[in-house]
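Colleague: I am new to this structure. Please explain how its descriptive terms are justified.

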Amino acid sequence: MLAINHPVEDFSLPSTDNATFALSANVGKHLIIYFYPKDDTPGCTLEGQDFRDHLPEFTKENCIVVGVSRDNLKSHQCFKEKMQFPFELLSDENEKVCNLFGVMKMKNMYGKQVLGIERSTFVIDAQGILRKEWRGVKVPGHVQEVLDFVTTLNQ
C-alpha cells in the first residue's frame with residue numbers, strides 16, 4: 001500500500017513514445033502522475049490541457065508529467081496528438097499500476113455501478129518517495145494546486 005513519505009514500488013507501463021516508461025528510469029526528477037478515467041472525454045480533456053498549458057512551469061521545477069488511464073496505446077496516441085500534449089500518456093489496460101495506487105473505484109455511470117478510475121494525482125519526488133496525493137480530483141484549479149505543491153519540493 002502506498003504511503004506518504006515512503007518509497008513507491010517501481011513500475012513500468014507502455015507509453016505513447018513507443019517505449020516503456022519506468023519509475024526507476026526517472027530518478028532525479030519529480031514525477032507528477034495523474035490518473036484519469038478515459039481519453040477524449042470532457043473532464044479528462046480539460047485536465048490534460050491544464051497540465052499541457054502549465055508544463056513549462058513544471059519543467060522549471062524539475063518535474064515530469066505523465067497521464068495514466070486504462071485506454072490502449074492507439075487511443076492514447078490519438079488523444080495526445082489531438083490535444084497536442086507534450087507529455088506521455090501511459091496505458092494500464094490490465095490495471096496493474098491503477099491497483100498499486102488504489103485508484104480503481106465503483107462509480108455510477110448512467111444509473112449503473114461500474115468499476116473505473118477515480119481521478120487522482122500523485123507527486124513522487126526525485127528519490128522515488130511519494131510526497132503528496134490528491135484523490136477524487138475536481139479539475140478546475142487542480143493543476144495549479146499541484147504546481148504550488150511541487151515548488152515547495154525544491155526549496
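Modeller: In H4, the residues His-142, Val-143, Val-146, Leu-147, Phe-149 and Val-150 are buried, where buried means under 20% relative accessible area, exposed over 50% and partly exposed in between, with a 1.4 Å probe and protein chains only. This is a predicted model: local features need pLDDT of at least 70, side-chain atom pairs count only at pLDDT 80 or more, and totals for chains, interfaces and linings use all residues. Residues are numbered from 1 along each chain as its sequence is written, and side-chain values use heavy atoms, leaving out hydrogens and water.

Colleague: What puts these residues on the same side of H4?

Modeller: They cover an arc of only 165° around the axis, which puts them on the same side of H4; the arc is that of the directions from the helix axis to the C-beta atoms.

Colleague: Why does the span of helix H4 agree with what it should be?

Modeller: The expected span is 1.5 Å times one less than the number of residues. For the twelve residues 142-153 this gives 16 Å, and the end C-alpha atoms are 18 Å apart, which agrees.

Colleague: What makes S3 mostly covered?

Modeller: Six of its six residues are buried. His-30, Ile-32 and Tyr-34 point one way, and Leu-31, Ile-33 and Phe-35 the other way.

Colleague: How do S3 and S4 run, and how many bridges join them?

Modeller: They run parallel, joined by six bridges; strands pair if DSSP finds at least two bridges between them. Five bridges join S3 to S8, and these two run antiparallel.

Note on methods:
Helices (H or I, at least four residues) and strands (E, at least two) are DSSP runs, numbered from the N terminus.
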